[in-house]
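Here are some short exercises on reading a protein model, each followed by a worked solution. Have the sequence and the structure open as you go.

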Amino acid sequence: PQIFTVLGARPQFIKAAPVSRAIAEAGMTEVIAHTGQHFDALMSDVFFEELAIPKPAYNLEINSLGHGAMTGRMLEKLEAAMLAEKPAMVLVYGDTNSTVAGALAASKLHIPVAHVEAGLRSFNRRMPEEINRVITDHVSAFLFCPTQTAVRNLKNEGIVNGVHATGDVMFDTTIAAVARAKGRSTILDDLKLTPKQYSVATIHRAENTDDPARFARVVAWLEDAARSTPIVMPVHPRTRKLLSQSGVVPAGLTLIDPIGYLDMASLINQSAAVFTDSGGLQKEAYFHGVPCVTLRDETEWVETVEAGWNRLWTVPDYAPRRDIPDYGDGKASELIASLIRAALEA
Ligand code: UD1
């Protein structure tokens, strides 16, 4: 194949969907390896079906391990698959252990790495995602940045070659999802929700779930917010484990299993507000015109904060609201595919 793509976690499936389509439409061949990091039907399969992502040629089934074991096994198996496939380029997305494993395996085989969503920084090196981002960017040959802030972050680390501001592929996915969800998603009826009379929350980051005192503060914050508007919370497996171990039953929150992308798009689209520690959801809230509170002490998506659509929970007020042109026009994936093709032909 020309392109070997590494996927593993839910946000990567969402980002890859429009890019894989654009790659096929540009006449290039792609082989997908699924590391298995996310493996539930609800965390993985439903995204491949709903977003029509090509079937992975490799299913590595590596999950539920510590960072070292997970990343190490991925490295070993991805290297073997890359040696067998001999791709001209390896494509990775975002900031997970699957991302850094794919990037390291490829770069040591001298296969050029292309990183979609390059240049994001929280400047918090205690986050595993931040380590994954920094390492991946420093071994990548092609860095596709969703924003100008990301381009600047790379420049500050001395990375200028192969850097392209492309817009955000998640905007492409959101546009497609809103159109597809109409008439297909019944989630509001299923949960008996009235548009704009509820909020949506998600919590899964280690920084919020690993420390019981911190997790208790997050739950208390959500319970407080639920006093004015009821909250629906699709619960990530990491958070589900923690809730069942601790026996905490948050008041005013309707806890549901993880949902598919079309249901999530409908749920956010009609919500009054989004409360989250997810990176992607902060932007998706903006794409749907919904205000967001980020339950973290910093964010990579500073544009959403500057433009008044998002605020950190530590900050009481939003900035004045405006549009964010940086995220592009919904054609970031096509631009990325054409840049990849030009690179492969060069
Ligand atoms: C990972 C990424 C994070 C990303 C997130 C999106 C890393 C370091 N973190 O975090 O950047 O924002 O995915 O969701 O790569 N589990 C299941 N079923 C699943 C998936 C996970 O039960 O389908 C369980 C695992 O067994 C584990 C826990 O959930 O116990 C956490 O999974 P893990 O892959 O370690 O990290 P995430 O929290 O999902």
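**Exercise 1. Count the salt bridges, then place one of them in the fold.**

Step 1: A salt bridge here is a side-chain nitrogen of Lys or Arg within 4 Å of a carboxyl oxygen of Asp or Glu, and the count by this rule comes to 17 salt bridges. Side chains of opposite charge can pair when their charged atoms come close.

Before going on, a word on the source: this is a predicted model, in which local features need pLDDT of at least 70 and side-chain atom pairs count only at pLDDT 80 or more, while totals for chains, interfaces and linings use all residues. Residues are numbered from 1 along each chain as its sequence is written, and side-chain values use heavy atoms, with hydrogens and water left out.

Step 2: Pick Arg121 and Asp137, which form a salt bridge with their closest N and O atoms 2.9 Å apart. Arg121 sits in the loop between strand 5 (113-116) and helix 5 (128-139), and Asp137 is in helix 5, so this pair ties together parts that are 16 residues apart in sequence. Helices (H or I, at least four residues) and strands (E, at least two) are DSSP runs, numbered from the N terminus.

Step 3: Are the two partners buried or exposed? Buried means under 20% relative accessible area, exposed over 50%, and partly exposed in between (1.4 Å probe, protein chains only). Arg121 has 3% and is buried; Asp137, with 1%, is buried too.

**Exercise 2. Work through the salt bridge of Asp210 in the same manner.**

Step 1: Look for the partner of Asp210, which is Arg238, with the closest N and O atoms 3.8 Å apart.

Step 2: Locate both ends. Asp210 is in the loop between helix 9 (206-209) and helix 10 (212-226), and Arg238 is in helix 11 (residues 237-246), so the pair links distant parts of the chain, 28 residues apart.

Step 3: Check accessibility. Asp210 counts as exposed at 56%, whereas Arg238 is partly exposed at 36%.

**Exercise 3. Describe the pair Arg227 and Asp224, then find a salt-bridge network.**

Step 1: The side chains of Arg227 and Asp224 meet in a salt bridge at 3.2 Å, N to O. Arg227 is exposed, at 66%, and Asp224 is partly exposed, at 47%.

Step 2: Now follow shared partners. Asp95, Glu130, Arg133, Glu207, Arg296, Glu298 and Glu300 are joined into one network by salt bridges that share partners.

**Exercise 4. How many disulfides does a search of the whole structure find?**

Step 1: Apply the rule, a pair of cysteine sulfur atoms within 2.5 Å. The search finds zero disulfides.

Step 2: Look at two cysteines. Cys145 is buried at 0% relative accessibility, and Cys292 is likewise buried at 0%.

**Exercise 5. Sum up the overall fold.**

Step 1: The protein chain has 15 helices and 13 strands. Its radius of gyration (over C-alpha atoms) is 19 Å, close to the 20 Å that the globule rule (2.2 Å times the number of residues to the power 0.38) gives for 346 residues, so the chain is as compact as a globular protein of that length.

Step 2: The C-alpha trace spans about 60 × 40 × 40 Å along its principal axes, and 56% of the 346 residues count as buried.
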